[in-house]
Amino acid sequence: MRVLPLLAESTLNLDNIQGDILSGLPKKALTNYYFKITDAAVFKKDMKAFIPQITTTTKAKQHRETIEGFKIQRKIRLFESHSDLGPALAINVGVNIGFSKSGHAALGIDIGSHNKSFALGQADDAIGKGTHDGEGLNDPEISGGGKPDWDKEFLEPIHGFFLIAGDSDTSIKTKIGEIETAFKDSISKVHSVSGKGLHDKKEHFGFRDDISNPAIEGFHQVTTTYPKAVKPGVILLGHPGDPNVSQHQGWIKDGSFLVFRYLHQKVPEFNKFLIDNAINAQAEGSSVQDSIDLLGARMFGRWKSGTPIDVVPFVKNDEVAHNPDRVNSFRFSDEREIQKLCPMAAHIRKTMPRDDRSDEIVDRSRIMRRGIPFGDPVTHTELSSEKSDPQKPRGLIFHCYQSSIEWGFRFIQITWANNPRFPLRDGEERETLPGIDPIIGQRKVVEERKMSGLNPHNAKVELKFPDPFVVPRGGEYFFVPSIQGLKEKYAVA
Ligand code: HEM
């Protein structure tokens with residue numbers, strides 16, 4: 001995880017905010033443990049006893065400092081040629097907790113009616129059933145079933161989840177044992193998913209992830225002129241920048257909404273697409289592999305290393321990816337017409353459009369991404385058959401935090417990624433539309449799954465994506481309360 005530098009003194013109450021939200025719990029591995037509440041009164045008693053075990057932002061920061069200190073000590077021992085370097089990782093484990101709409105109902109907690117998508121739940125939102133705006137995420141639907149085509153466990157009501165992150169599966173297993181003992185008379189397990197960081201912070205398609213997250217005023221230190229820090233209320237409820245700030249009950253402050261999406265990735269199919277459609281747009285003497293890499297980079301808006309193509313468009317470059325002053329400081333401002341540098345529909349342009357919209361519009365839809373990959377890398381058999389093995393699912397446990405699901409995740413997914421017109425402005429006409437986000441854009445009509453701008457010599461050429469490379473198989477919306485909120489509402493006084 002790329003960790004933004006922090007201010008020496010934060011203006012936020014870091015003892016009150018769960019640790020994954022702003023700081024991110026250190027995660028080599030993660031398990032989400034989904035549960036149902038079997039006895040609300042006993043749960044509230046158990047919760048009271050468990051609250052000290054919830055990892056706050058203060059504790060998450062301390063974990064990070066310990067890990068950094070451990071790494072330095074190890075380097076010194078290596079430099080001094082010690083034969084015993086000790087364990088490779090500092091042992092650490094953190095726990096956070098969140099509750100869905102049905103969890104709030106089970107506990108009799110009213111969270112307020114303005115959080116419309118949260119109140120609906122993600123399964124209905126996924127297929128646009130009963131949504132306040134008639135829109136939905138466009139997930140595939142079980143035919144005639146009125147339900148998204150998800151793993152059956154995610155179609156069961158889930159009341160809440162423990163997010164357990166740490167250095168290894170062993171530490172996580174121990175912590176799960178402690179949780180099961182602490183809540184033995186008040187919860188039952190519905191399901192769990194586990195993820196693990198891949199080499200070099202990459203996701204399964206091979207691109208470095210976790211590069212761009214918003215800096216938060218009063219918490220992160222910002223060293224570049226762009227992007228500026230956003231107001232804390234973009235991520236935390238009850239602060240300036242929260243669109244519903246005046247409507248919340250007091251205990252809501254310092255909580256955040258977590259969007260979880262269980263996203264499968266079709267890696268061999270994605271690789272085949274790149275090979276079949278490679279663009280020859282590079283300098284003379286470039287290889288077939290260069291052309292394949294260029295297509296991938298234009299679909300994401302970054303090279304696999306993380307270097308943005310708006311900065312280095314045609315030649316693979318690792319350098320900018322490692323330069324904190326340059327890796328996020330670009331604005332898609334030079335070329336709306338020709339899309340020579342970065343296609344309008346590239347994943348990072350659809351999800352953070354920078355100068356394609358005003359700072360006000362872009363800032364209110366920023367999200368704090370905290371996901372982790374799951375599943376093993378592609379096997380040789382899958383590579384040679386160019387098909388994913390259904391027995392070996394892999395993908396992303398997508399997590400993002402925001403103060404408003406409507407302005408955060410949902411706006412990005414529906415109004416930007418799924419919308420073939422975005423980022424054109426109202427009334428702006430084009431012969432060919434930008435198209436959908438090639439990674440996460442979802443359209444029900446197969447013919448509409450396409451984008452332009454991939455060929456830098458001719459931006460009007462469209463490429464079609466008959467089958468999605470990312471398939472949602474589950475998800476839910478959760479509220480992750482503050483420590484004070486947990487004490488007041490989710491535990492006995
Ligand atoms: C399996 C699915 C996905 C994959 C493989 C993926 C991959 C990536 C990669 C490689 C980056 C560039 C690295 C970075 O900026 O940190 C990125 C950025 C980003 N993604 Fe995704 N992503 C996925 C799903 C999503 C979803 C569902 C959303 C939200 C609806 C999303 C929102 C974003 C945002 C906001 C950025 C940062 C853009 C920026 O600030 O430049 N991603 N993603």
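**A ligand between two domains**

Domain 1 (19-263 + 480-490) and domain 2 (265-474) each supply residues to the shell around the ligand, so the ligand lies between them. Keep in mind as you look around that this is a predicted model.

Let's begin with the ligand itself. The shell around the ligand holds 27 residues, and those that come nearest are Phe-207, Ile-211, Ser-212, Thr-351 and Met-352. Try finding these five in the structure above. Some elements give two or more residues to this shell: strand S5 (256-265), helix H10 (347-351), strand S8 (395-402) and helix H13 (409-417). What kinds of residues make up the shell? Sorted by class, there are 15 nonpolar residues, along with 6 polar and 6 charged ones.

Now step back to see the whole chain, which is divided into domain 1 (19-263 + 480-490) and domain 2 (265-474). If you take the centre of each domain over its C-alpha atoms, the two centres are 25 Å apart. The two domains also touch: 56 residues from domain 1 and 51 residues from domain 2 take part in the contact.

Let's look at domain 1's side of that contact. Helix H1 (19-22), strand S1 (29-37), helix H5 (116-120), strand S4 (187-196) and S5 each give two or more residues to the side that touches domain 2. Which of these gives the largest share? That is S5, with 8 residues. You have met strand S5 (256-265) already, among the elements that give two or more residues to the shell around the ligand. By class, the side of domain 1 that touches domain 2 has 27 nonpolar, 17 polar and 12 charged residues.

Technical notes. Residues are numbered from 1 along each chain as its sequence is written. This is a predicted model: local features need pLDDT of at least 70, side-chain atom pairs count only at pLDDT 80 or more; totals for chains, interfaces and linings use all residues. A residue is near a molecule or strand if its C-beta atom, placed from the backbone, lies within 6 Å of it. Helices (H or I, at least four residues) and strands (E, at least two) are DSSP runs, numbered from the N terminus. Ala, Val, Leu, Ile, Met, Phe, Trp, Tyr, Cys and Pro count as nonpolar, Asp, Glu, Lys and Arg as charged, and the others, Gly among them, as polar. Domain bounds come from an automatic or database domain assignment. Two residues are in contact if their C-beta atoms, placed from the backbone, lie within 7 Å.
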